[in-house]
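Reader: Hi! Could you walk me through a protein structure?
Author: Happy to, here it comes.

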Amino acid sequence: MMSTLDTSGGIHLFSGRAVGLSSPGDKVQLHPDLALDWPCLREHYARIGLAHSHDIIWQIDFTELAQQSPDEVSVYFFGHAFEHDQSCARVLQQLDSAWYKVVQYMNSKNNFVKLAHELGVSVPLTECFSNRAELGNLEAFPYPCYVKLAVSDHGVGIFRCENSAELLEAIEQFPKDKPFQVQAEIQASAFLNLQYRVTSQGLERALVSEQILDGCVHGGNRYPTSHQPWHVVEPMAQWMYAAGMKGTFGFDVAVVETPAGVVYLAIECNPRYNGSSYPTGIAERLGVPGWCSETLHTDCRQLADLNLEGLEFDPVTKTGVVLVNWGTVQAGAVTVLLAGSPEQQADLSSRLNQQWSRQTVTVG
């Protein structure tokens, strides 16, 4: 809630995603507004065979973290939110400051580009600026291009510009003292998400998925993909691990088809859980070989009204629908994992949309 822009009015409901990644014996902090839908979610996970924590702390105060062992703490984003009050500061003092520092550094797209050049990681042509006053001749930039705040979230602060007039208009929407970058547009055939995990065994490669984008905004992911360009970001992942990174993190990589072959370009780092992390973890635990994730909209405002009849995940066939970001039903949207072949995924999505749009919604 303190590190993500609330563009849809439901960020406080996103903590529900953590349940699907939890194990029995874990403690999970959830926003108290999610308690209403908890019984239905618990029954859904029981039917599909997904074991999870039942030890829920129905409040989100940082003092709970301060009472836990630093080695057992998992957070969505270990960044600037921890500086905001005394209880956060105590948590920061108890946890690994190296983890905090590497997250803060890599959360800047400008720092990402700088490190990529130092490590020999291929990135698109990009110019970085500390503030608007550093801009020179706008006609000198390659067009079309993307202008991005160095620290942006969910596509907010990213603009596509066809010419210098659009670039100037975009930059004027930024605060004068905020760093940003101008990145040349690339003709990508796909965008990938490469996820890593730091565990007690060290740095581990988790999974490569293909992104589903709605403009600049993440809309979902597909797995598997034929692309496995781990070599592109491995130097940066190793650097982050050596610098003290913990937990889950990932990289966005563009796939560019050229006459000489496929070229992979690193776009940015997510030094935290990202949208693909949650379906990835759930699919892995359920043994699902092929899936996509999708956010669907509904008139329903509680899980009890969602109709999953005939569509719910079958642990025998490894096909069907799994609820991922379920608490956001209260804001009219639910993220689901659709397990099966691409054809089965498309059929599940179509049938879900039909069932959720024609059902009767309980009022009150």
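Author: What follows is a chat about its overall make-up, its charged pairs, its rings and one helix.

Reader: Before we start, what sort of model is this?
Author: This is a predicted model, where local features need pLDDT of at least 70, side-chain atom pairs count only at pLDDT 80 or more, and totals for chains, interfaces and linings use all residues. Residues are numbered from 1 along each chain as its sequence is written, and side-chain values use heavy atoms, with hydrogens and water left out.

Reader: Cool. How many helices and strands does the chain have?
Author: The chain has nine helices and 14 strands. Both are DSSP runs numbered from the N terminus: helices are H or I with at least four residues, strands are E with at least two.

Reader: And how much of the chain is buried?
Author: Of the 364 residues, 48% count as buried. Buried means under 20% relative accessible area, exposed means over 50%, and partly exposed is in between, using a 1.4 Å probe and protein chains only.

Reader: What about contacts between residues far apart in sequence?
Author: A contact means heavy atoms within 4.5 Å. Among contacts in the chain with a separation of 6 or more, 67% are between residues 24 or more positions apart.

Reader: Can we zoom in on one residue? Where does arginine 17 lie, and what does it touch?
Author: Arginine 17 lies in the segment before strand 1 (27-29). Leaving out residues up to four places away in sequence, arginine 17 touches Tyr76, Tyr278, Val324, Asn325 and Trp326.

Reader: Is arginine 17 buried or exposed?
Author: Arginine 17 counts as buried because its relative accessible area is 13%.

Reader: Switching topic: how many disulfides are there?
Author: Zero, taking a disulfide as a pair of cysteine sulfur atoms within 2.5 Å. As for individual cysteines, cysteine 40 is partly exposed at 27% relative accessible area, and cysteine 269 is buried at 6%.

Reader: OK, then how many salt bridges?
Author: Seven. A salt bridge here is a side-chain nitrogen of Lys or Arg within 4 Å of a carboxyl oxygen of Asp or Glu. One of them joins glutamate 312 and arginine 47, at 2.8 Å from N to O.

Reader: Where do those two sit?
Author: They are in distant parts of the chain, 265 residues apart: glutamate 312 is in the loop between strand 12 (291-297) and strand 13 (320-325), and arginine 47 is in helix 1 (residues 38-48).

Reader: Got another one?
Author: Sure, glutamate 268 and lysine 109 form a salt bridge at 3.3 Å, N to O. Glutamate 268 is in strand 11 (residues 261-270) and lysine 109 is in helix 5 (residues 109-119), so this pair ties together parts 159 residues apart in sequence. Glutamate 268 and lysine 109 are both buried.

Reader: Which salt bridge lies in helix 9?
Author: Aspartate 347 and arginine 351 both lie in helix 9 (residues 342-358), four residues apart, or about one turn of the helix. Their closest N and O atoms are 3.4 Å apart.

Reader: Why does that spacing matter for direction?
Author: An α-helix has 3.6 residues a turn, so residues three or four places apart point the same way.

Reader: Nice. What about rings?
Author: There are twelve aromatic pairs. Rings of Phe, Tyr and Trp (its six-membered ring) pair if their centres lie within 6.5 Å; planes under 30 degrees apart count as stacked, over 60 as edge-to-face and the rest as tilted. Tyrosine 105 and tryptophan 239 have ring centres 5.8 Å apart and planes at 40°, so that pair is tilted. Tyrosine 105 is in helix 4 (residues 97-106) and tryptophan 239 is in helix 7 (residues 230-243), 134 residues apart.

Reader: Which residues does the ring cluster link?
Author: Ring pairs link Phe129, Phe141, Phe159, Phe174 and Phe180 into a cluster.

Reader: You mentioned helix 7. Where does it bend?
Author: Helix 7 bends by about 25° at methionine 236. The bend at a residue is the angle between axes fitted to the seven residues ending there and the seven starting there.

Reader: Which residues of helix 7 are buried?
Author: Trp230, Val232, Val233, Glu234, Met236, Ala237 and Met240.

Reader: And what comes just after helix 7?
Author: Glycine 244, which takes a positive phi of about 115°.
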